[in-house]
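Let's take a walk through this structure together, going from packed helices to sheets and then to the meeting of the chains. Keep the 3D view open as you read.

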Protein chains: 2
Amino acid sequence: MSRLLAIDWGSSKLRGALIDDSGAVVDERSCERGMLRIADRAFEAALEAEFGDWLGLAGTRCLMAGMVGSRQGWVEAPYVPCPAGIDDFVRQLRPVESSGSGTARDIAIVPGATCEHDGVPDVMRGEEIKLIGAMELLGIDSATMLSPGTHSKWATVENGRLVGFSTMMSGEFYALLRRHSILSRSLPADDATLDGPAFDDGVRRAMAGSSLLQTAFSVRCLDLFGRLPRAALPSYLSGLVIGEALRWPGLEGVRSVVVIGSPLLNERFARALSLRGIGTRILGEEAAWRGLWAIDRRRPARVVEA
Amino acid sequence: MSRLLAIDWGSSKLRGALIDDSGAVVDERSCERGMLRIADRAFEAALEAEFGDWLGLAGTRCLMAGMVGSRQGWVEAPYVPCPAGIDDFVRQLRPVESSGSGTARDIAIVPGATCEHDGVPDVMRGEEIKLIGAMELLGIDSATMLSPGTHSKWATVENGRLVGFSTMMSGEFYALLRRHSILSRSLPADDATLDGPAFDDGVRRAMAGSSLLQTAFSVRCLDLFGRLPRAALPSYLSGLVIGEALRWPGLEGVRSVVVIGSPLLNERFARALSLRGIGTRILGEEAAWRGLWAIDRRRPARVVEA
């Protein structure tokens, strides 16, 4: 019996899943050892500390995606240019030389993807496995997809290939405005739960407005005139930012989007999309595991000497 | 002989000018004692420390504008609703009770302005005197104007009245992205001088793009692929943000804008506007002094007992 240790190693989190031959997730685990918190390039030690027990199981291969393959990561993996299908990612897998544990491991890193908009490049790293996994889980080969997050990725998949995508820095803009801007003085410390009507107001205002540069200031003005309770302002700001992220031109004419993210962001983006009359199919972290598993099944066998 | 001490007291700076009866600026002075740096509401002490010599001259009145009239300021002045002409600002001047120096002073604060966009309020405080001053200096009563800054204000003036305006948080977004976002890792510590072609690229990309949420990420990608030298990236980002600020719908069909700001921002906005085929007339701080002087000349005499 062989197993896959699937790793999604981003800037802030290290997540892993143990997957059996049938593709079933046997166990999952995550911790805060994101790439930005690894000192002195001690990547292998961190992986062994968190997942050594699974890695030590006989016949376990390991496939990693995310910032672990960036220039500052463990081993730099390339960006596969769009259009890119699953076999393009398989061909460009980067093996990782591992020996620190005294036992050779079969570890590889999935490449990212790149495309161009009018001569300017865009990149993703870690989201490509979710897009591939979503196709596998939903049994589809063409769709508009969204991986919401700090840097949200809108993507167009056609005939099983990623044909293009756009990054929207929605999560980062929200955090910047929430914590570091003048608006932070109007906002309560706690985000609390979503205020649906305030969020919807924000989305509608973003869609009707000209730019977040302008609409963001309304948070301050609504507070100044007491037009919206302070407790509702974070939801309103979230609606402004997420509504702005819906400006992606590729959404034109789209009737349904596959959204692959955390429960919180999935709910908010689905809500915002519904205000534009766009339906959603929702997936979570399972798409990443399924994507890594699908890539692993297609990669050529590697001989690892024990 | 009477004189006016004209004060522009914003969040970060305290600026003053001594103006004679003819409207000529006799002297100017500025310091870093912005409203945010005044502890324990010691506004009068700060004003006396910086401008006591001018205030002490016989027959000197003092007129102030800016954040000094906010709720957290010295005396809260109202927001005059648009459409608003100079007489509306004169009528709503707020006198300041001053006595700390042992000598009564004739001090008043100019109100701000407010307008609504689709039921959401917008405000300005301090820019209104520049708009009024620009009309006086240029001898015009109708124009599209811009006061660029942390919170840039686009304004439409018709028949001597401010009929509407929009705030764009351009300066603040630039600072947030420059200092606190992931882009800061790609940017050199020093902004250095303007790289014209890089700035123009940014403006054009902002005009062609869908949102700053999207275009901002190109700073990182251009750096990642070495497509733009790092030294040019701050200018490129500045172009992205300023180009985005040009999304104001009121610019539609406008052929010329009066830009009233610092030399650095005036140059950049004029450059960006020229890429849209829009001409500019440029003014600096003198517009604020002229606006305060024009308001002062229209206010009723106040009896101050010595």
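In this predicted model, a good place to begin is a pair of helices in chain B: the axes of α4(B) and α8(B) come within 10 Å and cross at roughly 145 degrees. The crossing in which α4(B) passes α8(B) is right-handed. On the α4(B) side, the contact is made by Ser170(B), Phe173(B), Tyr174(B), Leu177(B) and Arg178(B). From α8(B) come Pro234(B), Leu237(B), Ser238(B), Val241(B), Ile242(B) and Ala245(B). By character, the residues of this contact of α4(B) with α8(B) divide into eight nonpolar, two polar and one charged.

Chain A has a helix α8 too, covering residues 233–245, and Ser235(A) has its place there. Is Ser235(A) buried or exposed? With 23 other C-beta atoms within 10 Å, Ser235(A) is buried, because the cut-off for that label is 20 or more. Leaving aside residues up to four places away in sequence, Ser235(A) touches Leu194(A), Asp195(A), Ala198(A) and Phe199(A). Pro197(A) makes a nice illustration of the fold: 38 residues separate Pro197(A) from Ser235(A) in sequence, yet their C-alpha atoms are 8.7 Å apart in space.

Now for the sheets. In chain A, six strands form an open sheet with mixed pairing, in the order β3-β2-β1-β4-β8-β7. At its edges stand β3 (25–31) and β7 (94–96) of chain A; each has a single partner strand, so one side of each is left without a neighbour in the sheet. From one strand to the next, the twist averages 20 degrees. Within this sheet, Leu5(A) stands opposite Leu18(A) in β2(A).

Chain B offers an open sheet of six strands as well, ordered β6-β13-β12-β11-β14-β15, again with mixed pairing. Here the edge strands are β6 (84–85) and β15 (279–283) of chain B, each pairing on one side only. Looking at β13(B), you will find Gly164(B) as the bridge partner of Thr156(B).

One strand pair from each chain is set out here:

| Strand pair | Sense | Bridges |
|---|---|---|
| β1 (residues 3–9) and β2 (residues 14–19) of chain A | antiparallel | six bridges |
| β12 (residues 152–158) of chain B and β13(B) | antiparallel | seven bridges |

Back in chain A, helices lie across the strands. Helix α1 (residues 43–55) of chain A lies across β1, β2, β3 and β4 (60–65) of chain A, running at about 10 degrees to β2(A). Helix α10 (residues 286–298) of chain A lies across β1, β2, β3 and β4 of chain A, and runs at about 125 degrees to β1(A).

Finally, how do the chains meet? In total, 36 residues of chain B are in contact with 36 residues of chain A. Elements giving two or more residues to the chain B side are β10 (120–124), β13 (161–168), α4 (170–180), α5 (196–208), α6 (212–215), α7 (217–224) and α8 (233–245) of chain B. That side divides into 20 nonpolar, ten polar and six charged residues.

What rotation superposes chain B on chain A? A rotation of 180 degrees does, with 0.0 Å of shift along its axis and an RMSD of 0.0 Å. The two copies are therefore related as by a two-fold rotation axis. Of the interface residues of chain B, 100% are also interface residues in chain A, so the copies meet through the same surface.

Methods:
Residues are numbered from 1 along each chain as its sequence is written. Chains are lettered from A and ligands numbered from 1 in the order in which they are written. This is a predicted model: local features need pLDDT of at least 70, side-chain atom pairs count only at pLDDT 80 or more; totals for chains, interfaces and linings use all residues. Two residues are in contact if their C-beta atoms, placed from the backbone, lie within 7 Å. Helices (H or I, at least four residues) and strands (E, at least two) are DSSP runs, numbered from the N terminus. Ala, Val, Leu, Ile, Met, Phe, Trp, Tyr, Cys and Pro count as nonpolar, Asp, Glu, Lys and Arg as charged, and the others, Gly among them, as polar. A residue is buried if 20 or more other C-beta atoms lie within 10 Å of its own, exposed if 12 or fewer, and partly exposed in between; C-beta atoms are placed from the backbone. Two strands pair if DSSP finds at least two bridges between them. Copies are superposed by least squares on the C-alpha atoms of residues with pLDDT of at least 70 in both. Axes are lines fitted to C-alpha atoms, for helices over the stretch in contact, and angles run from 0 to 180 degrees between N-to-C directions. A crossing is left-handed if the near helix is turned anticlockwise from the far one by less than a right angle, and right-handed if clockwise.
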